[in-house]
Amino acid sequence: MDVFRVEGNGPLEGEIKISGSKNSALPIFAACLLTKEPVHLKNIPNLSDIRYMIEILEYLGAKVENPEIGEWIIHANTISHIAPYELVRKMRASVCLLGPLVARLKKAEVSIPGGCVIGPRPIDLHLKGLRKLNCDVTISNGYVYVDAANMRGSSLFLGGRNGSTVTGTANLIMAAVLAPGTTRIESAACEPEIIDLCQLLVKMGARIEQIGGPELIIHGVDELHGCEHTIIPDRIEAGTFICAAAITKGHVTLKGISFKYLGAFLDKIQEAELPLEISDDSITVLPYKGSLKPVDIITLPYPGFPTDLQAQMCALMSITEGISIITEKIYPNRFMHIPELQRMGADIAIEGSSAIIKGPRPFSGAPVMASDLRASAALILAGLAGKNTTWIQRIYHLDRGYESFETKLSALGAKIERLSEKDIPNDLLDT
Ligand code: EPZ
């Protein structure tokens with residue numbers, strides 16, 4: 001398996017372009033199943049999760065072309081309704097196939113996605129919504145079976161114990177756009193990725209009102225047609241690179257990202273007094289002397305602080321003078337990065353769903369283990385700021401959601417190299 005060797009190498013400097021959003025692309029690929037006409041997608045990032053989704057779409061019968069880097073044409077002329085365990089288990093977001101299969105074929109058999117290290121990943125709200133649309137939903141031997149012969153529009157509520165559900169909202173929008181009648185979704189997720197999905201669906205002929213708000217009105221239509229769509233940039237990649245620039249006191253410009261996608265994150269970064277220059281399609285992190293200010297964060301559904309930037313902020317606040325408290329409300333045990341950051345010198349105590357971070361504590365390099373996508377990024381950030389060498393194992397987690405991460409970091413002056421785990425010095429592994 002691949003590992004990263006990261007050497008602390010001072011401030012990052014330069015300019016990079018932010019890639020298309022993973023969490024926008026995945027439901028949008030699933031939405032291509034809603035029409036028998038070709039859908040042409042642009043600004044798609046090259047990620048393992050995208051490759052998994054394409055593998056599943058081809059398995060279902062869609063024809064897939066890749067005319068240019070970042071461009072995909074999905075032509076789901078005839079498709080089957082069964083998404084098997086051996087494909088679905090690779091990626092939780094494949095649960096987004098449920099809505100389009102139900103809408104297009106009026107039936108679906110989709111393996112229930114497993115959990116993951118960040119916590120249980122239930123789909124009870126997805127299924128509750130389908131039942132409200134008069135679908136017959138049963139679960140057996142790890143599969144969800146949906147019979148939607150009598151599906152019709154209805155009112156449904158998507159608020160759960162931890163707020164709304166992003167992929168649940170995506171699934172139910174995709175089911176409702178072809179459901180006879182009108183569907184009202186209350187407590188819908190308002191993430192930019194949901195807005196992007198709705199904008200694609202409207203281009204395909206769907207009738208959706210109040211896009212971007214917590215209450216969506218969807219008037220079912222008989223069929224949808226093909227279209228062309230460029231997906232939005234990845235706000236989580238952008239936030240990750242802002243943290244990378246900040247943790248190294250660098251000077252970095254991110255191109256192709258709008259501040260409007262990063263409201264709560266930028267609010268906290270500015271509270272920490274990180275100097276920024278913001279334009280319509282770029283964000284520049286400026287160098288600073290001394291320390292940032294500590295901040296208290298609570299992760300919440302959009303427009304609150306994104307849980308997907310929590311781990312990166314734990315790393316940044318570890319080198320910041322003062323005490324920061326970061327509370328995780330979406331996935332209460334999404335703290336697998338903390339023990340690894342502690343191995344590198346961080347002083348972080350976990351109290352329930354809060355991490356109490358005391359700084360500044362300089363990072364020192366060590367062999368560490370990535371546990372999930374965003375934890376991997378946090379460990380790399382710590383390595384960039386650390387003295388000497390950090391070896392990060394299991395970086396396949398990172399490849400799921402960051403396009404050319406080490407290439408982009410190297411272009412900013414980072415010393416990061418993708419090697420094999422057999423390159424890790426034995427004496428380091430014996431410790
Ligand atoms: C999406 O996951 C993202 N993934 C996640 O990003 C992100 O962390 C998450 O939203 C929250 O913002 C994609 O978009 C592909 P949820 P999703 O359903 O939709 C509970 C990353 O790093 N819940 O919004 O699966 C659930 O347990 C990934 O890119 C229910 O209780 O998340 C959680 O506590 C990680 N019942 C909360 O809601 C349900 O039926 C939010 O989950 C569904 C969810």
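Which side chain does the side chain of Thr307 join in a polar contact? I opened the predicted model to look this up.

**Entry 1: Thr307**

I found that the side chain of Thr307 makes a polar contact of 2.9 Å with the side chain of Glu328. I then located Thr307 in the chain, and it sits in the loop between β18 and α10. I looked up its accessibility next: Thr307 has a relative accessibility of 10%, so it counts as buried, the cut-off being under 20%. Setting aside neighbours within four places in sequence, I listed Thr299, Glu328, Ile330, Tyr331 and Arg334 as the contacts of Thr307. Glu328 is thus on the contact list of Thr307 and is also its partner in the polar contact.

**Entry 2: Aromatic pairs**

I searched the whole structure for aromatic pairs and got four. I noted Phe265 and Phe305, whose ring centres are 6.0 Å apart. Why is this pair called tilted? The planes of Phe265 and Phe305 stand at 50°, and the pair is tilted because that angle is neither under 30 degrees nor over 60.

I checked where the two rings come from. Phe265 belongs to helix α9, residues 263-271, and Phe305 to the loop between β18 (296-298) and α10 (310-318). The two residues are 40 residues apart, and the pair links distant parts of the chain. Are the two residues buried or exposed? Phe265 has a relative accessibility of 1% and counts as buried. Phe305, at 4%, counts as buried as well.

I went on to Tyr402 and Phe405, which form another tilted aromatic pair. Their centres lie 4.7 Å apart, with 45° between the planes. Tyr402 is buried at 3% relative accessibility, and Phe405 is buried at 1%. I also noted that ring pairs join Tyr402 and Phe405 with Phe241 in a cluster.

**Entry 3: Arg235**

I looked up Arg235, which lies in helix α8, residues 235-247. Is this charged residue buried or exposed? Arg235 has a relative accessible area of 9%, so it is buried. I then asked which side chain makes a polar contact with the side chain of Arg235. The partner is the side chain of Glu193, at 2.8 Å. Not counting residues up to four places away in sequence, Arg235 touches several residues, among them Glu191, Pro192, Tyr261, Tyr302 and Pro306.

**Entry 4: The ligand**

I counted 25 residues around the ligand, of which Asp124, Thr165, Thr167, Asp308 and Ile330 come nearest. Ile330 is also one of the residues in contact with Thr307 from my opening entry.

I then wrote down three distances between polar atoms.
- A polar side-chain atom of Asn23 is 3.0 Å from an oxygen atom of the ligand.
- An N or O atom in the side chain of Asp124 is 2.7 Å from a nitrogen atom of the ligand.
- An N or O atom in the side chain of Arg374 is 2.8 Å from an oxygen atom of the ligand.

How much of the ligand does the protein bury? Alone, the ligand exposes 820 Å², and the protein buries 93% of that.

I checked which elements supply the shell. Those giving two or more residues are α1 (22-31), α5 (124-132), α6 (166-176) and α12 (373-385). The largest share, three residues, comes from α5. I sorted the shell by residue type and got ten nonpolar, seven polar and eight charged.

**Entry 5: His397 and Thr407**

I looked up His397 in helix α13, residues 396-399. With a relative accessible area of 14%, His397 is buried. Its contacts, leaving aside neighbours within four places in sequence, are Ala370, Ser371, Asp372, Leu373 and Ser376. From His397 to Ile211 I noted 32 Å between C-alpha atoms, with their positions 186 residues apart in sequence.

My last residue was Thr407, found in helix α14, residues 405-411. Is Thr407 buried or exposed? Its relative accessible area is 51%, so Thr407 is exposed, the cut-off being over 50%. The C-alpha atoms of Thr407 and Pro306 are 25 Å apart, and the two residues are 101 residues apart along the chain.

Definitions and conventions: Residues are numbered from 1 along each chain as its sequence is written. This is a predicted model: local features need pLDDT of at least 70, side-chain atom pairs count only at pLDDT 80 or more; totals for chains, interfaces and linings use all residues. Side-chain values use heavy atoms; hydrogens and water are left out. Rings of Phe, Tyr and Trp (its six-membered ring) pair if their centres lie within 6.5 Å; planes under 30 degrees apart count as stacked, over 60 as edge-to-face and the rest as tilted. Helices (H or I, at least four residues) and strands (E, at least two) are DSSP runs, numbered from the N terminus. Buried means under 20% relative accessible area, exposed over 50%, partly exposed in between (1.4 Å probe, protein chains only). A polar contact is a pair of N or O atoms within 3.5 Å; within protein, one must be able to donate a hydrogen and the other to accept it, and residues adjacent in sequence count only if both atoms are side-chain atoms. Contact means heavy atoms within 4.5 Å. A residue is near a molecule or strand if one of its heavy atoms lies within 4 Å of it. Accessible areas come from the Shrake-Rupley method with a 1.4 Å probe; for residues, only the protein chains shown count as cover. Ala, Val, Leu, Ile, Met, Phe, Trp, Tyr, Cys and Pro count as nonpolar, Asp, Glu, Lys and Arg as charged, and the others, Gly among them, as polar.
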